[in-house]
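Biologist: Please bring up the model with its sequence. I should like to go through the sheets, the helices and the confidence values.

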Amino acid sequence: MVVNFLMVSLFVFLLLGFSLVLSYFESRPEATAFLKDGVSQAIINNTISELKGYSGVREVKFVSKEDALKIYQQENKDDPLLLEMVTAEILPASIELSADNPLILQDVAQKMKDRKDIFDDVIFQKDVLDSLAKWTNLVRNIGLSIIVFLTIVSAFVISMIIGMKITLRKGEIETLRLLGASNFYIQWPFLMEGMFYGIFGAILGWGVSFGAVAYFRPKITSFFGDIPFWPTTITPFLILLVLELTAGLLIGLLASGVAVKRYFRR
Amino acid sequence: MNIEFKEVGKKFGELSALDRVSFQVKQGEFVFITGPCGAGKTTILKIILGRTRPSEGEAIVGEMILPSGKKKPRAKEIIMARRKIGVIFQDFQLIEDCTVEENVGIPLDILHIKGSARSERIEKVLKKVALLSKKDFFPAQLSGGELQRVCLARALAVEPEVILADEPTGNLDPETGWKLVELLDKINKGGTTVIMATHNFDIVNSMQKRVIKVVDGKIVADKKKGKYDN
């Protein structure tokens with residue numbers, strides 16, 4: 001049960017992170033168009049004006065070769081090997097474009113791609129988004145399959161354990177029956193035990209995964225930089241805890257209920 | 001609580017345990033059910049407790065009706081009847097993990113009697129069977145006679161209308177067995193019906209109580225002040 005909820009928590013945290021990254025990119029549709037070497041500044045300025053004229057285009061920014069070198073040096077300042085032999089001449093100038101929504105950006109990006117005399121390549125964020133969405137779906141599907149499998153196994157294990165405990169105490173149960181105990185009086189402790197296993201598994205699984213998240217958070221945050229990968233408040237994690245506790249309780253109750261019904265039907 | 005058997009028969013497969021047994025026991029009676037081993041004594045007690053149903057005829061225990069055939073008694077009737085019946089088993093059937101006090105308190109827990117009412121009742125019945133000093137002992141720490149007295153205390157805790165005792169002296173030495181039966185007699189004088197299955201002829205012959213003799217599943221004698229060999 002603990003492993004089950006550990007996997008649930010980890011996958012939910014992962015999916016939460018991916019969703020946040022997806023939302024981040026979706027809210028900042030961007031494209032980068034790399035300029036061919038030799039394009040004159042006049043043509044570049046005309047192109048920028050033309051792009052700014054499109055409806056829905058939020059910002060158009062020219063990044064010169066020198067600017068590109070500064071950005072490259074900043075990003076790789078901890079790796080001197082990557083800085084060797086790299087000059088401004090090697091790096092292309094580019095125009096960075098941001099729009100209000102991905103559809104507008106798609107149109108504009110296509111127009112830029114058609115200007116093969118000016119632009120060498122256009123990287124459209126949609127490719128990144130598609131890749132990210134694909135990975136998110138994959139993680140979701142794999143996660144769901146694993147979780148369903150583990151839930152069935154956990155419920156089966158709880159049912160077996162409760163069943164064994166009932167069998168071990170069958171003498172006691174018979175005595176209680178002869179003393180006038182109702183079925184509910186006899187069954188309730190076993191149902192409670194099943195619920196306890198579920199709740200305990202949920203708390204421990206959530207706790208371990210939350211601990212792991214807290215431990216790795218600084219590393220992952222520094223990897224993603226400005227892109228948010230974690231929620232800024234603890235609320236989503238607490239909501240997940242409540243949901244897992246409820247699920248644990250229900251799975252434990254159901255599993256022990258099956259064991260109890262099987263025994264008392266005999 | 002009156003008990004009545006009307007032409008009750010009981011078969012276990014091909015074996016006939018009871019054959020058209022009819023008798024009545026009124027509230028407050030003390031009845032011995034005697035007979036050799038396998039005669040059907042325990043089967044009669046099992047039917048009274050609702051542990052098994054008649055194959056023929058009908059048994060009425062207070063408001064619980066145990067019919068034969070496909071018609072089943074209502075579960076609630078059986079539960080309510082059992083709560084008015086105290087049982088002393090030959091093999092004690094105490095819970096090993098529970099102390100004397102906890103074992104005696106089980107029927108009270110079933111009836112949701114809690115707090116001081118529960119404590120007072122337990123103390124009262126343990127005093128009656130002279131085991132108050134051993135209330136924190138576990139069954140493994142007690143002798144056979146003491147275990148049987150714990151069973152009696154458990155049976156008395158709910159202030160039953162009927163006490164069923166199935167060979168209660170079977171595992172006891174004669175002196176302890178006598179003490180137990182004297183205790184049952186004292187309880188009977190307070191108005192509780194006592195039905196005791198036994199093949200201890202000394203006790204039966206000395207007590208001068210009603211004796212129902214069962215042989216091969218049939219009642220062969222039913223005497224008001226009977227002897228073991230009627």
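Modeller: The conversation below goes through confidence, sheets, helix packing and the contact between the chains.

Biologist: Before we begin, what are the ground rules?

Modeller: This is a predicted model, in which local features need pLDDT of at least 70 and side-chain atom pairs count only at pLDDT 80 or more, while totals for chains, interfaces and linings use all residues. Residues are numbered from 1 along each chain as its sequence is written, and chains are lettered from A and ligands numbered from 1 in the order in which they are written.

Biologist: What does the model score overall?

Modeller: The ipTM is 0.84 and the pTM is 0.70.

Biologist: And what is the mean pLDDT of chain A?

Modeller: Chain A has a mean pLDDT (the predictor's confidence in each residue, from 0 to 100) of 82, and 91% of its residues reach 70 or more. For chain B the mean is 89, with 98% of residues at 70 or more.

Biologist: Which element of chain A has the lowest mean pLDDT?

Modeller: That is helix α4 (residues 80–83) of chain A, at 72, whereas helix α7 (residues 170–178) of chain A has the highest, at 89. Helices (H or I, at least four residues) and strands (E, at least two) are DSSP runs, numbered from the N terminus.

Biologist: Let us turn to the sheet in chain A. What is the strand order?

Modeller: The order is β2-β3-β1-β4 (chain A), an open sheet of four strands with antiparallel pairing. Two strands pair if DSSP finds at least two bridges between them.

Biologist: Which strands stand at the edges?

Modeller: β2 (57–63) and β4 (119–124) of chain A do; each has a single partner strand, so one side of each is left without a neighbour in the sheet. From one strand to the next, the twist averages 15°.

Biologist: Does anything pack on it, and what does it touch?

Modeller: Helix α2 (residues 41–52) of chain A packs on the sheet and touches β1, β2 and β3 (94–99) of chain A, with its direction at about 165° to that of β2(A). Contact means that the C-beta atoms of two residues, placed from the backbone, lie within 7 Å. Axes are lines fitted to C-alpha atoms, for helices over the stretch in contact, and angles run from 0 to 180 degrees between N-to-C directions.

Biologist: How many bridges join the strands?

Modeller: β2(A) and β3(A) are joined by six bridges, and β1(A) pairs with β3(A) over five. Five bridges also join β1 (residues 30–35) of chain A to β4(A).

Biologist: Which residue pairs mark those ladders?

Modeller: A:Ile95 in β3(A) is the bridge partner of A:Ala33, and A:Phe62 stands opposite A:Ile95. In β4(A), A:Ile123 is the bridge partner of A:Thr32.

Biologist: And the sheet in chain B?

Modeller: Four strands form an open, antiparallel sheet in the order β2-β1-β4-β5 (chain B). Its edge strands, β2 (15–25) and β5 (64–67) of chain B, each pair on one side only. Neighbouring strands are turned by 20° against each other on average, direction ignored. Between β1 (residues 3–12) and β4 (residues 56–61) of chain B there are five bridges, and B:Glu4 stands opposite B:Ile60 in β4(B).

Biologist: Now the helices. At what angle do α3(B) and α4(B) cross?

Modeller: The axes of α3 (residues 100–110) and α4 (residues 115–128) of chain B come within 10 Å and cross at roughly 120°. That makes α3(B) oblique to α4(B); angles under 35 degrees count as roughly parallel, over 145 as roughly antiparallel, 65 to 115 as roughly perpendicular and the rest as oblique.

Biologist: Which residues meet there?

Modeller: B:Glu101, B:Val104, B:Gly105 and B:Leu108 in α3(B) meet B:Arg118, B:Arg121, B:Ile122, B:Val125 and B:Leu126 in α4(B). They divide into five nonpolar, one polar and three charged. Here Ala, Val, Leu, Ile, Met, Phe, Trp, Tyr, Cys and Pro count as nonpolar, Asp, Glu, Lys and Arg as charged, and the others, Gly among them, as polar.

Biologist: And how does α3(B) pack with α5(B)?

Modeller: α3(B) and α5 (residues 144–157) of chain B pack at an angle of about 30°, with axes 7 Å apart. α3(B) is therefore roughly parallel to α5(B). The contact residues include B:Val104 and B:Pro107 of α3(B) and B:Ala153 and B:Arg154 of α5(B). By class, the residues of this contact are eight nonpolar, one polar and one charged.

Biologist: Lastly, how many residues does each chain give to the contact between chains?

Modeller: Chain A gives eight residues and chain B 11. On the side of chain A, α7(A) gives the most, with three residues. That side has four nonpolar, three polar and one charged residues.
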